[in-house]
Amino acid sequence: MGNYYLYRVGLFLAKILPIRLSGILVMLLCDMHFCFSKTDRLAVENNLKIVYKTTLVPANQVRAVFRSFGKYLLEFFTMSRRLTPAFLESNVHIKNIEYINEVFKKGKGAIVVSAHLGNWEMGGAVLPMLGFPLSVVALAHKDPRVNALFNAQRENFGAMVIQTDVAVRRVVEHLRQNRLVAILADRDFGNRGLIMDFLGRHVMIPKGAAFFSLKTGAPIVPVFFLRSDDDHFEIKVYPPIEPPELIDGKITDTAAKGYTQKYLTIIEDEIRKNPTQWLLFQNLEAS
């Protein structure tokens, strides 16, 4: 059975079962995943060693990442039941939202950079609920049915999805419409990014956020949707980062790297503060 059918079953169960019962089942499945998937377990353990700067990571910390992933997926599948104005008022704390309000006054839109941290998908649903026009750059899944399933969940709350294969033209268009464009910037899964110093390793980092900002003049705003200990949430918004002046108006890798480092440092800091919420199941290998 392929991933598509697993996702369909998960979505179906999430819709019919009480959320509390779903949570218990998900934690059980996460613990099974932790026990039986050696490849994923070692990848998470190696990444935590890098974050913690140690050679030994307790097993419960590794398991916590698997459980965080289960919560993320359950919340994603139950957003239509969970995300209501009352839920936002009682469960979501918004920090420094005025920074987003500021960028709209300039009329150039903004590029929201985040990471595979906390629950970025819920963040992509909450921002439109708060009245912000949001577009999301999403990496296409290999199975188009999985792609359609995930995009339907994202668009249900008003976000517009931009697939990476048409991102260059669409992102520029959406920024000119004074929209927010969200991009995950902690890992490039292709071979067209920038080699950057990230958490003490040389890692391929996406260059899209810096490129679009330099091209359009839209600022970059780091935003994170983080989980607290009691499973409440915080939207943490950082001050806008304005693009630097370009020499001869040309976008070079040197300019992009210097600019990228400004928000990459913020991403590193948030990962170090919330290591078990960093949901990366591939090795952060030195290149």
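The exercises below, each with a worked solution, concern a predicted model.

**Exercise 1. Confidence**

Find the mean pLDDT of the chain, and state which elements have the lowest and the highest mean pLDDT.

Solution. Start with the whole chain: the average pLDDT is 92. Of the residues, 98% score at least 70. Then go through the elements: helix α1 (residues 3-16) has the lowest mean, 81. The highest mean, 98, belongs to strand β2 (residues 110-114).

**Exercise 2. Positive phi at Lys53 and Asn96**

Take Lys53 and Asn96 in turn; give the phi angle of each, locate each residue, and decide whether it is buried, partly exposed or exposed.

Solution. Lys53 is not a glycine, yet its phi is positive, at about 55 degrees. Its place is the loop that runs between α3 (38-52) and α4 (59-77). The relative accessibility of Lys53 is 67%; exposed means over 50%, so Lys53 counts as exposed.

Asn96, also not a glycine, has a positive phi of about 70 degrees. The loop that holds Asn96 lies between β1 (92-95) and α7 (98-106). With a relative accessibility of 26%, and with partly exposed covering the range between 20% and 50%, Asn96 counts as partly exposed.

**Exercise 3. The surroundings of Glu121**

Place Glu121 in its element, classify its accessibility, and list its contacts beyond four places in sequence. Which side chain makes a polar contact with the side chain of Glu121?

Solution. Glu121 belongs to helix α8, which spans residues 120-129. Its relative accessible area is 8%; the limit for buried is under 20%, and therefore Glu121 is buried. Once neighbours within four places in sequence are set aside, the contacts of Glu121 are Tyr72, Phe76, Met79 and Arg154. For the polar contact, the partner is the side chain of Arg154, at 2.8 Å from that of Glu121.

**Exercise 4. Met27 in sequence and in space**

Determine where Met27 lies and whether it is buried or exposed. Then give its contacts beyond four places in sequence and its separation from Val172.

Solution. Met27 sits in helix α2 (residues 19-36). Because its relative accessible area is 16%, Met27 is buried. Leaving out neighbours within four places in sequence, Met27 is in contact with Arg67, Gly70 and Lys71. For the last step, take Met27 and Val172: 145 residues separate them in sequence. The C-alpha to C-alpha distance between Met27 and Val172 is 41 Å.

Definitions and conventions:
Residues are numbered from 1 along each chain as its sequence is written. This is a predicted model: local features need pLDDT of at least 70, side-chain atom pairs count only at pLDDT 80 or more; totals for chains, interfaces and linings use all residues. Side-chain values use heavy atoms; hydrogens and water are left out. Helices (H or I, at least four residues) and strands (E, at least two) are DSSP runs, numbered from the N terminus. Buried means under 20% relative accessible area, exposed over 50%, partly exposed in between (1.4 Å probe, protein chains only). A polar contact is a pair of N or O atoms within 3.5 Å; within protein, one must be able to donate a hydrogen and the other to accept it, and residues adjacent in sequence count only if both atoms are side-chain atoms. Contact means heavy atoms within 4.5 Å. pLDDT is the predictor's confidence in each residue, from 0 to 100.
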